Amino acid sequence: MTIEVKVPTLGESVTEATVATWFKQPGDEVATDEMLCELETDKVTVEVPSPATGTLGEIVAPEGETVGVDALLATISEGAGADASYSAAPAAVAQPGSEEGTSDAGGTTDASDASGDGGEGQAVDVMVPALGESVSEATVATWFKSVGDSVEQDEMLCELETDKVSVEVPAPAAGTLSEIVVDEGGTVQAGGKLAVLMAGAGADVHAPHAVDPRPNPDAGPEEVEQAKANVAAAGGGRDTEDAPSAKKIMAEKGLDPSQVTGTGRDGRIMKEDALKAGKAPAPAPQPAQAPRAPSPADDAAREERVRMTRLRQTIAKRLKDAQNTAAMLTTYNEVDMKAVMDLRSEYKDLFEKKHGVRLGFMSFFTKACVHALKEVPEVNAEIDGTDVVYKNYVHMGIAAGTPQGLVVPVIRDVDQMSFAAIEKEIAAKGRAARDGKLAMSDMQGGTFTISNGGVYGSLMSSPILNPPQSGILGMHKIQERPMVVGGEIVIRPMMYLALSYDHRIVDGKGAVTFLVRVKEALEDPRRLLMDL
(Lines give C-alpha, C1' and ligand atoms only; values in the text may rest on other atoms or scores of the structure.)
Protein backbone atom coordinates (compact mmCIF):
# COMPACT_ATOMS: atom_id res chain seq x y z
CA MET A 1 0.00 0.00 0.00
CA THR A 2 1.39 3.41 -0.99
CA ILE A 3 0.95 6.29 1.44
CA GLU A 4 1.47 9.92 0.47
CA VAL A 5 3.54 12.31 2.62
CA LYS A 6 2.21 15.84 2.26
CA VAL A 7 3.14 19.32 3.49
CA PRO A 8 1.37 19.97 6.82
CA THR A 9 -0.44 23.16 7.73
CA LEU A 10 2.21 25.89 8.07
CA GLY A 11 0.23 28.39 10.07
CA GLU A 12 -1.93 31.43 9.52
CA SER A 13 -0.96 33.49 6.42
CA VAL A 14 1.90 31.09 5.54
CA THR A 15 1.29 29.34 2.23
CA GLU A 16 4.67 27.93 1.24
CA ALA A 17 7.93 26.55 2.62
CA THR A 18 11.32 25.38 1.38
CA VAL A 19 12.44 21.76 1.75
CA ALA A 20 15.62 22.23 3.81
CA THR A 21 16.79 18.71 4.65
CA TRP A 22 15.80 15.13 3.87
CA PHE A 23 16.81 12.86 6.76
CA LYS A 24 15.87 9.77 4.74
CA GLN A 25 16.56 8.62 1.19
CA PRO A 26 14.53 6.41 -1.19
CA GLY A 27 14.81 2.82 -0.01
CA ASP A 28 15.33 3.70 3.66
CA GLU A 29 13.09 2.03 6.20
CA VAL A 30 11.08 4.45 8.32
CA ALA A 31 8.99 4.11 11.47
CA THR A 32 5.77 5.91 12.31
CA ASP A 33 6.47 9.47 13.56
CA GLU A 34 10.17 9.23 12.58
CA MET A 35 11.32 12.53 11.07
CA LEU A 36 11.51 12.40 7.27
CA CYS A 37 12.41 15.96 6.35
CA GLU A 38 12.60 19.54 7.58
CA LEU A 39 10.78 22.48 5.99
CA GLU A 40 11.68 26.12 6.52
CA THR A 41 9.39 29.15 6.34
CA ASP A 42 10.25 32.79 6.98
CA LYS A 43 9.35 32.29 10.65
CA VAL A 44 9.92 28.73 11.86
CA THR A 45 11.30 25.31 10.98
CA VAL A 46 8.72 22.55 10.55
CA GLU A 47 9.61 18.87 10.87
CA VAL A 48 7.57 16.36 8.85
CA PRO A 49 7.09 12.95 10.56
CA SER A 50 6.38 9.68 8.80
CA PRO A 51 2.64 8.89 8.77
CA ALA A 52 3.32 5.11 8.74
CA THR A 53 5.95 2.40 9.07
CA GLY A 54 7.42 1.15 5.82
CA THR A 55 9.93 2.11 3.14
CA LEU A 56 10.47 5.57 1.65
CA GLY A 57 9.68 5.23 -2.02
CA GLU A 58 9.91 8.41 -4.14
CA ILE A 59 11.02 11.88 -3.02
CA VAL A 60 8.83 14.23 -5.05
CA ALA A 61 10.15 17.52 -3.60
CA PRO A 62 13.98 17.53 -3.30
CA GLU A 63 15.99 19.78 -0.98
CA GLY A 64 15.82 23.43 -1.96
CA GLU A 65 12.43 23.17 -3.64
CA THR A 66 9.57 25.44 -2.62
CA VAL A 67 6.31 23.67 -1.80
CA GLY A 68 2.81 24.79 -0.93
CA VAL A 69 0.51 23.61 1.83
CA ASP A 70 -0.77 20.04 1.22
CA ALA A 71 1.72 19.52 -1.63
CA LEU A 72 3.08 15.99 -2.15
CA LEU A 73 6.55 15.53 -0.62
CA ALA A 74 7.15 11.79 -0.96
CA THR A 75 5.56 8.34 -0.93
CA ILE A 76 5.91 5.47 1.52
CA SER A 77 5.40 1.77 0.81
CA GLU A 78 3.65 0.51 3.92
CA GLY A 79 4.05 -2.90 5.55
CA ALA A 80 5.93 -5.99 4.33
CA GLY A 81 6.53 -4.48 0.91
CA ALA A 82 9.25 -2.42 2.50
CA ASP A 83 11.66 -5.36 2.34
CA ALA A 84 12.21 -4.83 -1.37
CA SER A 85 13.09 -1.19 -0.91
CA TYR A 86 16.52 -1.05 -2.50
CA SER A 87 15.37 -2.61 -5.73
CA ALA A 88 13.12 0.40 -6.29
CA ALA A 89 15.67 3.02 -5.19
CA PRO A 90 18.41 4.53 -7.36
CA ALA A 91 21.59 2.47 -6.88
CA ALA A 92 24.76 4.58 -6.75
CA VAL A 93 27.27 1.97 -5.54
CA ALA A 94 30.02 0.97 -7.93
CA GLN A 95 30.34 -2.78 -7.35
CA PRO A 96 33.85 -4.10 -6.62
CA GLY A 97 35.48 -5.45 -9.74
CA SER A 98 33.20 -3.49 -12.06
CA GLU A 99 34.55 -0.76 -14.33
CA GLU A 100 31.20 0.97 -14.76
CA GLY A 101 28.58 2.40 -12.44
CA THR A 102 25.61 0.27 -11.49
CA SER A 103 22.30 0.95 -13.20
CA ASP A 104 19.06 1.32 -11.27
CA ALA A 105 15.80 -0.38 -12.17
CA GLY A 106 15.01 2.32 -14.69
CA GLY A 107 18.38 2.13 -16.49
CA THR A 108 19.92 5.35 -15.11
CA THR A 109 23.69 5.00 -14.84
CA ASP A 110 26.03 6.25 -12.14
CA ALA A 111 27.60 9.68 -12.66
CA SER A 112 31.03 8.11 -13.18
CA ASP A 113 30.21 7.25 -16.80
CA ALA A 114 27.70 10.05 -17.41
CA SER A 115 29.93 11.66 -20.00
CA GLY A 116 29.73 8.63 -22.24
CA ASP A 117 33.44 8.30 -22.93
CA GLY A 118 34.44 6.57 -19.66
CA GLY A 119 37.60 8.61 -19.28
CA GLU A 120 36.76 12.32 -19.08
CA GLY A 121 34.69 14.11 -16.46
CA GLN A 122 31.48 15.86 -17.40
CA ALA A 123 30.86 19.54 -16.65
CA VAL A 124 27.62 19.93 -14.67
CA ASP A 125 26.15 23.38 -14.05
CA VAL A 126 24.90 24.21 -10.56
CA MET A 127 21.79 26.33 -11.00
CA VAL A 128 19.71 28.53 -8.70
CA PRO A 129 16.65 26.49 -7.61
CA ALA A 130 13.10 27.76 -7.51
CA LEU A 131 12.96 30.55 -4.94
CA GLY A 132 9.23 30.59 -4.33
CA GLU A 133 6.25 32.53 -5.58
CA SER A 134 6.94 36.23 -6.30
CA VAL A 135 10.67 35.80 -5.41
CA SER A 136 12.91 36.46 -8.40
CA GLU A 137 16.37 36.92 -6.87
CA ALA A 138 18.53 35.91 -3.93
CA THR A 139 21.88 36.71 -2.35
CA VAL A 140 24.68 34.14 -2.08
CA ALA A 141 25.20 34.05 1.69
CA THR A 142 27.76 31.27 2.22
CA TRP A 143 29.82 28.89 0.13
CA PHE A 144 30.46 25.68 2.07
CA LYS A 145 32.90 24.44 -0.61
CA SER A 146 35.84 26.02 -2.47
CA VAL A 147 37.14 25.48 -5.99
CA GLY A 148 38.99 22.16 -6.13
CA ASP A 149 37.03 20.57 -3.28
CA SER A 150 35.51 17.15 -3.86
CA VAL A 151 31.77 16.93 -3.26
CA GLU A 152 29.23 14.17 -2.94
CA GLN A 153 25.88 14.16 -4.65
CA ASP A 154 23.31 16.15 -2.61
CA GLU A 155 26.07 17.58 -0.37
CA MET A 156 25.38 21.23 0.42
CA LEU A 157 27.41 23.60 -1.76
CA CYS A 158 26.11 27.01 -0.75
CA GLU A 159 23.28 28.87 0.91
CA LEU A 160 21.15 31.53 -0.72
CA GLU A 161 19.05 34.08 1.15
CA THR A 162 15.90 35.80 0.01
CA ASP A 163 13.74 38.24 1.91
CA LYS A 164 11.64 35.28 3.08
CA VAL A 165 13.72 32.12 3.52
CA SER A 166 17.19 30.63 3.32
CA VAL A 167 17.67 28.17 0.46
CA GLU A 168 20.45 25.57 0.51
CA VAL A 169 21.79 24.41 -2.84
CA PRO A 170 22.88 20.74 -3.04
CA ALA A 171 25.39 19.27 -5.49
CA PRO A 172 23.54 17.79 -8.51
CA ALA A 173 26.26 15.12 -8.87
CA ALA A 174 29.40 13.76 -7.22
CA GLY A 175 32.68 15.21 -8.43
CA THR A 176 34.89 18.24 -8.00
CA LEU A 177 33.89 21.91 -7.76
CA SER A 178 35.76 23.46 -10.67
CA GLU A 179 34.35 27.01 -10.83
CA ILE A 180 32.34 29.38 -8.62
CA VAL A 181 30.45 31.78 -10.86
CA VAL A 182 28.85 33.97 -8.17
CA ASP A 183 30.82 34.77 -5.00
CA GLU A 184 29.43 35.39 -1.52
CA GLY A 185 27.42 38.61 -1.40
CA GLY A 186 26.52 38.41 -5.08
CA THR A 187 22.92 38.60 -6.28
CA VAL A 188 21.53 35.81 -8.48
CA GLN A 189 18.33 35.42 -10.43
CA ALA A 190 16.03 32.40 -10.22
CA GLY A 191 17.38 29.81 -12.64
CA GLY A 192 20.79 31.52 -12.84
CA LYS A 193 24.15 29.73 -12.86
CA LEU A 194 26.02 29.45 -9.56
CA ALA A 195 28.95 27.14 -10.22
CA VAL A 196 30.35 24.30 -12.35
CA LEU A 197 31.10 20.73 -11.22
CA MET A 198 33.36 18.24 -12.93
CA ALA A 199 31.41 15.02 -12.46
CA GLY A 200 32.45 11.48 -13.29
CA ALA A 201 35.90 9.99 -13.76
CA GLY A 202 37.63 13.35 -14.07
CA ALA A 203 36.79 14.04 -10.45
CA ASP A 204 39.07 11.27 -9.26
CA VAL A 205 42.04 13.63 -9.58
CA HIS A 206 40.92 15.37 -6.39
CA ALA A 207 39.10 12.81 -4.30
CA PRO A 208 37.53 9.35 -4.31
CA HIS A 209 34.16 9.17 -6.01
CA ALA A 210 31.21 9.55 -3.69
CA VAL A 211 29.72 6.20 -2.70
CA ASP A 212 26.22 5.39 -1.54
CA PRO A 213 26.28 3.01 1.44
CA ARG A 214 23.18 1.18 0.25
CA PRO A 215 24.14 -2.15 -1.38
CA ASN A 216 22.82 -3.57 -4.60
CA PRO A 217 20.14 -6.16 -3.84
CA ASP A 218 22.49 -8.88 -5.15
CA ALA A 219 25.59 -7.70 -3.29
CA GLY A 220 27.26 -10.07 -0.85
CA PRO A 221 28.29 -9.27 2.74
CA GLU A 222 31.87 -8.42 1.71
CA GLU A 223 30.65 -5.95 -0.92
CA VAL A 224 28.32 -4.30 1.60
CA GLU A 225 31.13 -3.80 4.11
CA GLN A 226 33.44 -2.50 1.38
CA ALA A 227 30.85 0.07 0.29
CA LYS A 228 30.45 1.30 3.88
CA ALA A 229 34.22 1.49 4.32
CA ASN A 230 34.52 3.56 1.14
CA VAL A 231 31.98 6.06 2.48
CA ALA A 232 33.79 6.30 5.82
CA ALA A 233 37.08 6.96 4.04
CA ALA A 234 35.58 9.61 1.76
CA GLY A 235 33.72 11.36 4.63
CA GLY A 236 36.49 11.41 7.21
CA GLY A 237 35.10 8.43 9.10
CA ARG A 238 31.49 9.65 9.21
CA ASP A 239 28.85 8.35 6.83
CA THR A 240 26.12 10.75 7.92
CA GLU A 241 25.25 14.20 6.57
CA ASP A 242 24.93 16.89 9.24
CA ALA A 243 21.86 19.11 9.26
CA PRO A 244 22.38 22.13 6.94
CA SER A 245 21.24 24.51 9.68
CA ALA A 246 23.92 22.99 11.94
CA LYS A 247 26.56 23.44 9.23
CA LYS A 248 25.66 27.10 8.92
CA ILE A 249 25.93 27.68 12.68
CA MET A 250 29.28 25.84 12.84
CA ALA A 251 30.59 27.93 9.94
CA GLU A 252 29.47 31.18 11.56
CA LYS A 253 31.01 30.27 14.92
CA GLY A 254 34.18 28.72 13.47
CA LEU A 255 33.43 25.30 14.97
CA ASP A 256 35.08 22.12 13.69
CA PRO A 257 32.51 19.28 13.34
CA SER A 258 34.92 17.03 15.23
CA GLN A 259 34.41 19.32 18.26
CA VAL A 260 30.62 18.90 18.19
CA THR A 261 28.82 15.85 19.57
CA GLY A 262 25.92 14.87 17.31
CA THR A 263 22.73 13.65 18.95
CA GLY A 264 20.87 12.92 15.72
CA ARG A 265 20.48 9.58 13.98
CA ASP A 266 23.85 7.85 13.41
CA GLY A 267 25.69 10.74 15.07
CA ARG A 268 24.19 13.41 12.79
CA ILE A 269 24.93 16.93 14.11
CA MET A 270 21.66 18.80 14.59
CA LYS A 271 20.98 22.51 15.04
CA GLU A 272 20.72 22.18 18.83
CA ASP A 273 24.12 20.41 18.97
CA ALA A 274 25.84 23.27 17.12
CA LEU A 275 24.14 25.89 19.29
CA LYS A 276 25.19 24.04 22.45
CA ALA A 277 28.80 23.77 21.27
CA GLY A 278 28.80 27.47 20.43
CA LYS A 279 27.99 28.28 24.06
CA ALA A 280 31.17 26.61 25.36
CA PRO A 281 33.04 28.74 27.94
CA ALA A 282 35.25 31.36 26.34
CA PRO A 283 39.00 31.26 27.08
CA ALA A 284 40.25 33.26 30.04
CA PRO A 285 40.75 36.93 29.16
CA GLN A 286 44.29 38.09 28.53
CA PRO A 287 45.86 40.63 30.91
CA ALA A 288 44.96 44.18 30.02
CA GLN A 289 47.53 45.95 27.88
CA ALA A 290 48.71 49.49 28.33
CA PRO A 291 46.65 52.11 26.46
CA ARG A 292 47.90 52.89 22.99
CA ALA A 293 47.58 55.91 20.77
CA PRO A 294 44.56 55.93 18.40
CA SER A 295 45.32 54.21 15.10
CA PRO A 296 42.42 54.08 12.60
CA ALA A 297 44.35 51.71 10.34
CA ASP A 298 44.91 49.21 13.15
CA ASP A 299 41.28 49.47 14.25
CA ALA A 300 40.02 48.86 10.72
CA ALA A 301 42.16 45.72 10.44
CA ARG A 302 40.49 44.31 13.55
CA GLU A 303 36.94 45.09 12.45
CA GLU A 304 34.63 42.65 10.73
CA ARG A 305 32.01 43.83 8.27
CA VAL A 306 29.20 41.34 7.68
CA ARG A 307 26.40 41.94 5.22
CA MET A 308 22.94 41.79 6.78
CA THR A 309 21.04 38.71 5.72
CA ARG A 310 17.94 39.31 3.68
CA LEU A 311 15.91 37.81 6.50
CA ARG A 312 17.40 40.29 9.00
CA GLN A 313 16.76 43.13 6.54
CA THR A 314 13.13 42.05 6.31
CA ILE A 315 12.80 41.92 10.11
CA ALA A 316 14.27 45.40 10.39
CA LYS A 317 11.89 46.70 7.74
CA ARG A 318 8.85 45.17 9.42
CA LEU A 319 9.79 46.60 12.81
CA LYS A 320 10.19 50.02 11.27
CA ASP A 321 6.90 49.63 9.40
CA ALA A 322 5.22 48.89 12.74
CA GLN A 323 6.54 52.19 14.08
CA ASN A 324 5.52 54.05 10.93
CA THR A 325 2.02 52.54 10.80
CA ALA A 326 0.90 52.70 14.43
CA ALA A 327 0.67 55.91 16.44
CA MET A 328 2.79 54.30 19.15
CA LEU A 329 3.00 55.86 22.58
CA THR A 330 4.25 54.55 25.93
CA THR A 331 2.98 55.30 29.43
CA TYR A 332 4.81 54.30 32.62
CA ASN A 333 4.03 53.43 36.21
CA GLU A 334 5.66 51.55 39.06
CA VAL A 335 4.42 48.73 41.24
CA ASP A 336 5.33 47.66 44.76
CA MET A 337 5.97 43.90 44.44
CA LYS A 338 6.00 43.15 48.17
CA ALA A 339 2.45 41.72 48.33
CA VAL A 340 3.03 39.38 45.38
CA MET A 341 6.43 38.31 46.68
CA ASP A 342 5.04 37.60 50.16
CA LEU A 343 2.11 35.62 48.75
CA ARG A 344 4.39 33.64 46.47
CA SER A 345 6.82 32.92 49.30
CA GLU A 346 4.01 31.70 51.54
CA TYR A 347 2.37 29.34 49.06
CA LYS A 348 5.06 28.35 46.52
CA ASP A 349 5.93 25.02 48.18
CA LEU A 350 2.30 23.99 48.64
CA PHE A 351 1.50 25.18 45.09
CA GLU A 352 4.32 23.14 43.54
CA LYS A 353 3.42 20.05 45.60
CA LYS A 354 -0.20 20.13 44.47
CA HIS A 355 0.15 21.28 40.85
CA GLY A 356 3.61 19.99 39.94
CA VAL A 357 4.79 23.36 38.66
CA ARG A 358 6.54 26.32 40.29
CA LEU A 359 4.61 29.47 41.11
CA GLY A 360 6.25 32.36 39.29
CA PHE A 361 5.50 36.04 38.79
CA MET A 362 4.23 35.65 35.21
CA SER A 363 0.92 34.12 36.26
CA PHE A 364 0.25 37.13 38.52
CA PHE A 365 1.03 39.58 35.71
CA THR A 366 -1.02 37.58 33.22
CA LYS A 367 -4.02 37.52 35.55
CA ALA A 368 -3.61 41.24 36.30
CA CYS A 369 -3.54 42.08 32.57
CA VAL A 370 -6.63 39.96 31.87
CA HIS A 371 -8.40 41.80 34.71
CA ALA A 372 -7.40 45.20 33.25
CA LEU A 373 -8.30 44.23 29.65
CA LYS A 374 -11.89 43.55 30.71
CA GLU A 375 -12.18 47.17 31.87
CA VAL A 376 -10.28 48.68 28.94
CA PRO A 377 -11.21 46.40 25.99
CA GLU A 378 -9.69 48.67 23.33
CA VAL A 379 -6.20 47.62 24.48
CA ASN A 380 -7.21 44.08 23.45
CA ALA A 381 -8.62 45.19 20.08
CA GLU A 382 -7.10 45.80 16.64
CA ILE A 383 -7.69 48.06 13.65
CA ASP A 384 -8.81 46.45 10.39
CA GLY A 385 -9.10 49.11 7.73
CA THR A 386 -11.72 51.52 9.01
CA ASP A 387 -13.10 49.02 11.55
CA VAL A 388 -12.14 48.29 15.14
CA VAL A 389 -12.23 44.57 15.98
CA TYR A 390 -12.87 43.94 19.67
CA LYS A 391 -11.75 40.53 20.96
CA ASN A 392 -14.03 38.92 23.54
CA TYR A 393 -11.20 36.61 24.53
CA VAL A 394 -7.55 36.99 25.49
CA HIS A 395 -4.78 35.15 23.63
CA MET A 396 -1.71 36.27 25.58
CA GLY A 397 1.68 36.45 23.87
CA ILE A 398 4.60 35.81 26.24
CA ALA A 399 7.90 37.03 24.77
CA ALA A 400 10.80 34.59 25.32
CA GLY A 401 14.48 34.83 24.46
CA THR A 402 16.08 31.89 22.60
CA PRO A 403 19.51 31.28 21.01
CA GLN A 404 17.92 32.10 17.65
CA GLY A 405 16.37 35.36 18.86
CA LEU A 406 13.17 36.64 20.44
CA VAL A 407 9.97 34.63 19.88
CA VAL A 408 6.46 35.24 21.19
CA PRO A 409 4.50 32.03 21.81
CA VAL A 410 0.79 32.57 22.45
CA ILE A 411 -1.28 31.13 25.31
CA ARG A 412 -4.84 30.89 24.05
CA ASP A 413 -7.93 31.72 26.11
CA VAL A 414 -5.76 32.68 29.04
CA ASP A 415 -8.71 34.56 30.52
CA GLN A 416 -10.33 31.19 31.28
CA MET A 417 -7.25 29.60 32.90
CA SER A 418 -6.21 29.16 36.54
CA PHE A 419 -2.85 30.19 38.01
CA ALA A 420 -1.63 26.59 37.77
CA ALA A 421 -2.77 26.17 34.16
CA ILE A 422 -1.05 29.43 33.18
CA GLU A 423 2.23 28.42 34.86
CA LYS A 424 2.17 24.99 33.18
CA GLU A 425 1.51 26.50 29.76
CA ILE A 426 4.23 29.14 30.17
CA ALA A 427 6.72 26.44 31.20
CA ALA A 428 5.79 24.21 28.25
CA LYS A 429 5.99 27.05 25.73
CA GLY A 430 9.32 28.17 27.19
CA ARG A 431 10.84 24.69 26.78
CA ALA A 432 9.56 24.43 23.22
CA ALA A 433 11.04 27.86 22.41
CA ARG A 434 14.48 26.97 23.80
CA ASP A 435 14.48 23.63 21.95
CA GLY A 436 13.35 25.20 18.67
CA LYS A 437 10.16 23.13 18.69
CA LEU A 438 7.59 25.90 18.41
CA ALA A 439 5.14 25.48 15.54
CA MET A 440 3.79 28.36 13.49
CA SER A 441 0.41 27.96 15.17
CA ASP A 442 2.08 28.48 18.57
CA MET A 443 3.03 32.05 17.66
CA GLN A 444 -0.06 33.34 15.89
CA GLY A 445 -3.35 34.89 16.92
CA GLY A 446 -2.15 36.83 19.98
CA THR A 447 -4.31 39.75 21.12
CA PHE A 448 -1.96 41.25 23.76
CA THR A 449 1.71 40.68 24.68
CA ILE A 450 3.82 40.72 27.85
CA SER A 451 7.58 41.22 27.51
CA ASN A 452 9.84 40.68 30.52
CA GLY A 453 13.09 42.56 29.99
CA GLY A 454 13.75 42.33 33.71
CA VAL A 455 15.23 38.83 33.34
CA TYR A 456 18.13 40.49 31.48
CA GLY A 457 18.50 43.27 34.04
CA SER A 458 16.55 46.00 32.23
CA LEU A 459 15.37 48.70 34.61
CA MET A 460 13.32 50.70 32.09
CA SER A 461 12.45 50.33 28.39
CA SER A 462 9.72 51.11 25.85
CA PRO A 463 8.54 47.89 24.14
CA ILE A 464 7.56 47.92 20.44
CA LEU A 465 4.06 46.81 19.46
CA ASN A 466 3.53 43.40 17.92
CA PRO A 467 1.15 44.26 15.02
CA PRO A 468 -1.78 44.04 14.63
CA GLN A 469 -2.03 44.15 18.43
CA SER A 470 -2.73 47.49 20.08
CA GLY A 471 -0.92 46.97 23.38
CA ILE A 472 2.18 45.42 24.94
CA LEU A 473 3.21 45.44 28.61
CA GLY A 474 6.89 45.70 29.50
CA MET A 475 8.04 44.22 32.82
CA HIS A 476 11.39 45.17 34.30
CA LYS A 477 13.87 44.36 37.03
CA ILE A 478 12.67 44.27 40.65
CA GLN A 479 14.91 46.61 42.59
CA GLU A 480 14.75 47.74 46.20
CA ARG A 481 14.22 51.49 46.55
CA PRO A 482 13.31 53.87 49.40
CA MET A 483 9.58 54.61 49.28
CA VAL A 484 7.30 56.74 51.45
CA VAL A 485 4.60 54.52 52.98
CA GLY A 486 2.25 55.94 55.62
CA GLY A 487 4.47 58.95 56.13
CA GLU A 488 7.60 56.83 56.70
CA ILE A 489 10.51 55.98 54.46
CA VAL A 490 10.76 52.20 53.95
CA ILE A 491 12.66 49.93 51.56
CA ARG A 492 10.37 48.21 49.06
CA PRO A 493 10.91 45.91 46.03
CA MET A 494 9.79 48.11 43.15
CA MET A 495 9.31 47.45 39.43
CA TYR A 496 8.76 49.91 36.62
CA LEU A 497 5.95 49.00 34.21
CA ALA A 498 5.62 50.28 30.64
CA LEU A 499 2.58 50.03 28.38
CA SER A 500 3.14 50.78 24.71
CA TYR A 501 -0.13 51.27 22.86
CA ASP A 502 -1.55 52.35 19.51
CA HIS A 503 -2.89 55.85 20.08
CA ARG A 504 -5.15 55.51 17.02
CA ILE A 505 -7.45 53.21 18.99
CA VAL A 506 -6.41 53.65 22.65
CA ASP A 507 -6.76 57.07 24.27
CA GLY A 508 -4.38 58.25 26.96
CA LYS A 509 -7.09 57.86 29.60
CA GLY A 510 -7.62 54.21 28.66
CA ALA A 511 -3.89 53.45 28.65
CA VAL A 512 -3.31 55.04 32.04
CA THR A 513 -6.40 53.31 33.47
CA PHE A 514 -5.16 49.94 32.21
CA LEU A 515 -1.75 50.37 33.82
CA VAL A 516 -3.25 51.58 37.10
CA ARG A 517 -5.54 48.53 37.24
CA VAL A 518 -2.51 46.24 36.70
CA LYS A 519 -0.67 48.07 39.49
CA GLU A 520 -3.63 47.80 41.88
CA ALA A 521 -4.10 44.09 41.22
CA LEU A 522 -0.43 43.34 41.88
CA GLU A 523 -0.16 45.48 45.01
CA ASP A 524 -3.29 43.81 46.41
CA PRO A 525 -3.69 40.35 44.77
CA ARG A 526 -6.96 39.80 46.65
CA ARG A 527 -8.56 42.06 44.03
CA LEU A 528 -8.01 39.29 41.46
CA LEU A 529 -9.98 36.83 43.56
CA MET A 530 -12.85 39.25 44.15
CA ASP A 531 -12.84 40.72 40.60
CA LEU A 532 -12.36 44.29 41.86
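# Sheets, a helix crossing and two aromatic pairs

Leu177 has Leu197 as its bridge partner in strand 16. I begin with that pairing, and I should say at once that the model before you is predicted. Leu177 and Leu197 belong to the contact of strand 14 with strand 16, an antiparallel pairing over 5 bridges.

Let me place those two strands in their sheet. The sheet is open and has 4 strands, in the order 9-16-14-11, with antiparallel pairing. Its edges are strand 9, residues 122–127, and strand 11, residues 150–151, each of which pairs on one side only. Strand 9 is joined to strand 16, residues 193–199, in the antiparallel sense by 6 bridges. Within that pairing, Asp125 has Val196 of strand 16 as its bridge partner. At the other edge, strand 11 and strand 14, residues 175–180, run antiparallel and are joined by 2 bridges. There, Val151 is partnered by Gly175 of strand 14.

Just beyond this edge strand comes a backbone feature. Asp154 lies in the loop between strand 11 and strand 12, the latter spanning 156–161. Asp154 is not a glycine, yet it has a positive phi of about 75°. With a relative accessible area of 40%, Asp154 is partly exposed.

I turn now to another sheet. Here, too, 4 strands form an open sheet with antiparallel pairing, in the order 1-8-6-3. Strand 1 (2–6) and strand 3 (29–30) each have a single partner strand, so one side of each lacks a neighbour in the sheet. Strand 1 runs antiparallel to strand 8, residues 72–78, and 5 bridges join them. In this pairing Ile3 stands opposite Ile76 of strand 8.

For the overall context, the protein chain contains 11 helices and 27 strands. Of its 532 residues, 42% are buried. Among contacts with a separation of 6 or more, 63% are between residues 24 or more positions apart.

The next topic is a helix crossing. Helix 8, residues 362–375, packs against helix 9, residues 419–434, at an angle of about 115°, and the axes are 9 Å apart. The crossing is right-handed. Helix 8 contributes Met362, Ser363, Phe364, Thr366 and Lys367 to the contact, and helix 9 contributes Phe419, Ile422, Glu423 and Ile426. By class, the residues of this contact are 5 nonpolar, 2 polar and 2 charged.

Ahead of helix 9, a second aspartate deserves mention. Asp413 sits in the loop between strand 23 (410–411) and helix 9. Its phi is positive, about 50°, although Asp413 is not a glycine. Asp413 is partly exposed, with a relative accessible area of 32%.

How many aromatic pairs does a search of the whole structure find? The search finds 2. One of them belongs to the helix crossing just described: the ring centres of Phe364 and Phe419 are 5.1 Å apart and the planes stand at 65°, so the pair is edge-to-face. The cut-off for that class is over 60 degrees. Because Phe364 lies in helix 8 and Phe419 in helix 9, the pair ties together parts 55 residues apart in sequence. Is each ring buried or partly exposed? Phe364 is buried, at 3% relative accessible area. Phe419, at 21% relative accessibility, counts as partly exposed, since buried requires a value under 20%.

The other pair is formed by Phe448 and Phe514. Their ring centres are 5.4 Å apart and their planes stand at 55°, so this pair is tilted. Phe448 lies in strand 24, residues 448–452, and Phe514 in helix 10, residues 508–523, so that the pair links parts of the chain 66 residues apart. Both Phe448 and Phe514 are buried.

After strand 24, the backbone again calls for attention. The peptide bond from Pro467 to Pro468 is cis, with omega near 5°. Pro468 is located in the loop between strand 24 and strand 25 (471–475).

I finish with a hairpin. Strand 26, residues 479–485, and strand 27, residues 488–502, run antiparallel and are joined by 7 bridges. Val485 stands opposite Glu488 of strand 27. The hairpin has 2 residues between its strands, and Gly486 takes a positive phi near 60°.

Terms used
Residues are numbered from 1 along each chain as its sequence is written. This is a predicted model: local features need pLDDT of at least 70, side-chain atom pairs count only at pLDDT 80 or more; totals for chains, interfaces and linings use all residues. Side-chain values use heavy atoms; hydrogens and water are left out. Axes are lines fitted to C-alpha atoms, for helices over the stretch in contact, and angles run from 0 to 180 degrees between N-to-C directions. A crossing is left-handed if the near helix is turned anticlockwise from the far one by less than a right angle, and right-handed if clockwise. Contact means heavy atoms within 4.5 Å. Ala, Val, Leu, Ile, Met, Phe, Trp, Tyr, Cys and Pro count as nonpolar, Asp, Glu, Lys and Arg as charged, and the others, Gly among them, as polar. Two strands pair if DSSP finds at least two bridges between them. Rings of Phe, Tyr and Trp (its six-membered ring) pair if their centres lie within 6.5 Å; planes under 30 degrees apart count as stacked, over 60 as edge-to-face and the rest as tilted. Buried means under 20% relative accessible area, exposed over 50%, partly exposed in between (1.4 Å probe, protein chains only).
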